[in-house]
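User: I should like a close look at the charged side-chain contacts in this protein, followed by a word on its cysteines. Please give one connected account.

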Amino acid sequence: MMNSSSITYSNPILPGFYPDPSITRAGDDYYLVCSSFEYFPGVPIFHSRDLVHWTPIGHVLDRISQLDTRSSNSSDGIYAPTIRYHEGTFYMITTDVRGIGNFYVTATDPSGPWSDPVVIPYGGIDPSLMFDEDSKVYVTAQQGADYDSHVIQYEIDIATGEALTEPVIIWNGDGGPWTEGPHLYKINGLYYIMSASGGTAKEHREIIGRSSQPFGPFERLPHPILTHSEMDSPIQFLGHADLIEDRYGDWWAVFLGVRLIDSSYTVLGRETFLAPVSWNEEGWPLIDNNEGTVKLGMSVPRLPGFTPEPTLYGRDDFEAEVLAFTWTFLRNPAQGSWSLSERRGWLTLRGQAGNLNEAGQVSFVGRRQQHVRAEWSTLLEFINPALGEEAGICARLDENAHYEIIMRQQEGQKVISAVLTVGGRTQVVAEVPTTAERVYLKIKAELTDYSLLYSLDGQGWVKLAAGAAYSLSPQAVDGNGFTGVVIGLYATGNGTISSEPACFDWFDYHIL
């Protein structure tokens with residue numbers, strides 16, 4: 001018998017912009033998916049056996065027939081996926097906001113390939129699937145907006161996506177705005193409806209109800225099962241949870257949260273956390289209702305298995321034939337805009353007409369920022385760019401907020417420039433002339449700012465400029481900002497396709 005609290009792990013289990021987690025189990029294996037919004041491929045998927053260490057195994061939506069984000073605005077695209085496993089098949093259901101709406105795809109191997117979308121007829125966002133013991137399949141989805149948000153449910157034919165019943169309202173939440181992210185479970189003979197409420201900020205919380213019937217009526221637990229809304233905790237905005245039972249019969253929850261800087265903002269976005277679930281004597285699952293049990297350092301009696309900690313950071317020399325699963329494109333990449341084979345051992349980008357200030361196709365390949373103190377560097381070869389062509393390394397939140405250090409052509413003179421875009425206003429804040437064909441570029445993130453640096457020899461670094469971290473946080477966005485910072489290599493022709501390719505020899509992610 002293991003001693004109580006004998007195993008420790010760290011939260012978040014997926015640091016950086018990995019929000020809206022959903023989890024399923026197939027035997028001793030666990031699979032987790034997250035929202036991807038405007039980035040492509042869509043819906044990153046991870047594997048684990050211990051629920052703590054997660055290895056990326058691919059993306060669910062990896063071709064344009066499944067997901068077309070070419071014109072998606074920032075924080076549009078893919079919202080809140082749910083993954084389920086049933087009788088040998090994996091199902092992922094989600095919303096392509098302002099695209100094809102709600103749909104699901106299937107696979108027998110979670111690493112893919114996944115099917116083309118099966119579009120379903122009803123619901124706003126955040127659909128979920130529930131496979132009942134009588135072979136009926138239910139879609140449970142959010143509908144409405146703000147304080148009018150509620151949850152609808154209907155039965156479908158899982159082979160075709162056809163609705164077999166009309167949608168009915170089954171859950172109105174707890175009176176707060178944005179009743180969303182619903183999941184229906186059947187546990188110990190009862191149906192539990194669980195959803196988020198309060199919006200995805202300070203008042204975010206997870207609430208739950210139960211019934212003897214899948215369509216209710218549902219008795220609501222009077223208080224949240226998960227929130228830190230009244231706590232001075234380093235982890236805030238908790239909610240949007242999914243439950244899983246492990247092979248020992250222990251229950252767990254994955255959910256989103258943020259780690260705030262100065263109690264006000266985060267550049268990392270909403271991250272994925274893990275906590276054990278306890279069941280009280282009345283049969284309700286409880287996680288953390290302002291009790292402080294969700295911590296950065298967790299202690300539990302046991303985990304369901306063992307997974308080696310994956311190596312996800314360090315240098316990518318671009319020697320592989322395919323990009324590692326930690327990389328993401330900004331929207332679907334244009335044909336011919338990138339290559340690993342054009343020049344072996346290099347990532348080649350060819351700038352497109354679109355640039356970082358536009359909601360269109362941009363030559364941008366990036367990695368989520370997962371640490372508030374880190375630096376990212378690269379060696380860029382950009383031999384003879386034409387006027388208007390530029391390439392470099394960028395810290396991006398959205399079209400209106402990004403910092404980059406670049407090489408570009410300016411009136412017959414090649415320059416290295418530091419560019420800050422804040423609140424939609426772009427400024428070249430520093431630049432130096434150069435005749436170099438190769439330049440080392442670096443972005444260094446510290447707690448409150450980003451530094452933009454260059455080097456001609458890879459040894460001595462010159463800091464050209466710095467920008468405030470707050471300006472790249474979702475909290476600085478006017479309206480909805482659902483993502484976090486992504487560090488990217490990019491190129492643009494600023495109105496035309498570039499004649500000169502930008503070649504990157506490597507990319508290094510170094511944790512400070």
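To begin with one residue: is Arg49 buried, partly exposed or exposed, and what is its relative accessible area?

Analyst: In this predicted model, Arg49 has a relative accessible area of 38% and is partly exposed. Its side chain forms a salt bridge with Asp29, and the closest N and O atoms of the two are 2.8 Å apart. Arg49 sits in the loop between β5 (42-48) and β6 (55-61), whereas Asp29 belongs to strand β3 (residues 29-33), so the contact ties together parts that are 20 residues apart in sequence. Asp29 differs from its partner in accessibility: Asp29 is buried, at 16%, while Arg49 is partly exposed. The value for Asp29 falls below the limit for burial, because buried means under 20% relative accessible area.

The contact between Arg49 and Asp29 belongs to a total of 22 salt bridges. Another of them pairs Arg63 with Asp62, with an N to O distance of 3.6 Å. This distance still qualifies, because a salt bridge requires the nitrogen to lie within 4 Å of the carboxyl oxygen. Both partners are partly exposed: Arg63 has a relative accessibility of 27%, and Asp62 has one of 43%.

A further salt bridge is formed by Glu399 and Arg331, whose closest N and O atoms are 2.7 Å apart. Glu399 lies in the loop between β32 (390-398) and β33 (401-410), and Arg331 in the loop between β27 (327-330) and β28 (338-339); the pair therefore ties together parts that are 68 residues apart in sequence. Glu399 and Arg331 are both buried. They also take part in a network of salt bridges that links them with Glu38 and Arg396.

Turning to the cysteines, a search of the whole structure yields zero disulfides. For Cys394, the reason is distance: the closest cysteine sulfur, that of Cys503, is 19 Å from the sulfur of Cys394, which is too far for a bond. The cut-off for a disulfide is 2.5 Å between the sulfur atoms. Cys394 is buried, with a relative accessible area of 0%. Cys34 is likewise buried, at 0% relative accessibility.

In summary, the salt bridges described here include one between a partly exposed Arg49 and a buried Asp29, one between Arg63 and Asp62, and one between the buried residues Glu399 and Arg331. No disulfide is found in the structure.

Methods
Residues are numbered from 1 along each chain as its sequence is written. This is a predicted model: local features need pLDDT of at least 70, side-chain atom pairs count only at pLDDT 80 or more; totals for chains, interfaces and linings use all residues. Side-chain values use heavy atoms; hydrogens and water are left out. Helices (H or I, at least four residues) and strands (E, at least two) are DSSP runs, numbered from the N terminus. Buried means under 20% relative accessible area, exposed over 50%, partly exposed in between (1.4 Å probe, protein chains only).
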